[in-house]
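Here are some exercises on pockets, patches and burial, each followed by a worked solution. Have the sequence and the structure open as you go.

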Amino acid sequence: MYEIFLMKPIVNILNFLGYVVSSDGQTLFYQDLTIGVTSSVYVGKECSGLSSLIVFFSFFSALVFTFSDRILPKQNSYYMIIFLSIFALIISYISNLFRIVFIILSGHYFGNEALLLTHHYLGWILFTIAMSFFWYLIINIFPLELYRRN
């Protein structure tokens, strides 16, 4: 299951972009241009973005429960919450795929040290961007009227 939802999409994205990569289970092989050989990186289950997803849904659940008196009584609000939950899941999944793609590309062009540095910082940057986008949609597009006083 892990290979289907994480490794295969990453390999497919990078191959589509013209990079020669392959995977063997949880190990991804890529060309390191700084040393001119094929390098590998272990993409563990920790890289799945599950911890970010838990934080994301914790914030979303807090929002729903905090403003439940303004959200839940409205017509179709349960459907909106389900839609937003699925939308958040998709955003988190796609941002995590791009995070791993960018990490591999940094290793491809700039070597192992850049890969490790990118791995350390890029996840939270993309997570923050994805969350900001999601909150923007909630506050400005979807008619939840969170801040209007009754």
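**Exercise 1. Find the volume and the lining of the second largest pocket.**

Solution. Start with the space itself: in this predicted model, the second largest pocket has about 180 Å³. Next, look at its walls. There are 13 lining residues, and V41, Y42, I103, L115 and H119 are the closest to the centre. Then assign the walls to elements: strand 3 (37-42), helix 4 and helix 5 each give two or more residues to this lining. Finally, sort the lining by class, which yields nine nonpolar residues, three polar and one charged.

**Exercise 2. Describe the largest pocket, from its volume to the elements around it.**

Solution. Begin again with volume: the largest pocket holds about 610 Å³ of space. Its lining is made of 27 residues, with C47, S48, G49, L50 and N96 closest to the centre. Now move on to the elements. Helix 1 (2-16), helix 2 (50-66), helix 4 (77-110) and helix 5 (112-140) are those that supply two or more residues. Among the contributors, helix 5 gives the most, with eight residues. As a last step, divide the lining by class: 15 residues are nonpolar, ten are polar and two are charged.

**Exercise 3. Place C47, one of the residues closest to the centre of the largest pocket, and decide whether C47 is buried or exposed.**

Solution. First locate C47 along the chain: this residue sits in the loop between strand 3 and helix 2. Then apply the cut-off. A residue is buried when its relative accessible area is under 20%. C47 has a relative accessible area of 12%, so C47 is buried. To finish, check a partner in space: C47 and N96 are 49 residues apart along the chain, yet their C-alpha atoms are separated by 8.2 Å. N96 is also among the residues closest to the centre of this pocket.

**Exercise 4. Which residues make the nonpolar surface patch, and which element gives the largest share?**

Solution. List the members: I4, F5, I82, I86, I90, Y93, I94, F98 and F102 form a nonpolar patch of about 850 Å². Helix 1 and helix 4 are the elements that give two or more residues to the patch. Helix 4 provides the largest share, with seven residues. Now take one member as a test case. I90 belongs to helix 4, and I90 counts as partly exposed because its relative accessible area is 43%.

**Exercise 5. Compare the burial of S85 and F127, and find how far each lies from a given partner.**

Solution. Take S85 to begin with. This serine is in helix 4, and its relative accessibility is 21%, so S85 is partly exposed. Its C-alpha lies 9.9 Å from that of F56, with their positions 29 residues apart in sequence. Turn next to F127, which is found in helix 5. F127 has a relative accessibility of 9% and is therefore buried. The C-alpha atoms of F127 and S95 are 7.2 Å apart, although the two residues are 32 apart along the chain.

**Exercise 6. Write the order of secondary structure elements for the whole chain, and state what share of its residues is buried.**

Solution. Count the elements: the chain has five helices and three strands. Read them in sequence order, and the pattern is α-β-β-β-α-α-α-α. For burial, consider the 150 residues of the chain, of which 42% are buried.

How values were computed. Residues are numbered from 1 along each chain as its sequence is written. This is a predicted model: local features need pLDDT of at least 70, side-chain atom pairs count only at pLDDT 80 or more; totals for chains, interfaces and linings use all residues. Side-chain values use heavy atoms; hydrogens and water are left out. On a 1 Å grid over the protein atoms alone, a cavity is a set of points where a 1.4 Å probe fits but cannot get out, and a pocket is an open set with protein on both sides within 12 Å along at least five of seven lines; lining residues have an atom within 4 Å of a point. Grid points are joined across faces, edges and corners, and a volume is the space filled by probe spheres set on the points. Helices (H or I, at least four residues) and strands (E, at least two) are DSSP runs, numbered from the N terminus. Ala, Val, Leu, Ile, Met, Phe, Trp, Tyr, Cys and Pro count as nonpolar, Asp, Glu, Lys and Arg as charged, and the others, Gly among them, as polar. Patches are made of residues with over 30% relative accessible area and no salt bridge: like charges are joined within 9 Å, nonpolar side chains (Val, Leu, Ile, Met, Phe, Trp, Tyr) within 5 Å. Accessible areas come from the Shrake-Rupley method with a 1.4 Å probe; for residues, only the protein chains shown count as cover. A salt bridge is a side-chain nitrogen of Lys or Arg within 4 Å of a carboxyl oxygen of Asp or Glu. Buried means under 20% relative accessible area, exposed over 50%, partly exposed in between (1.4 Å probe, protein chains only).
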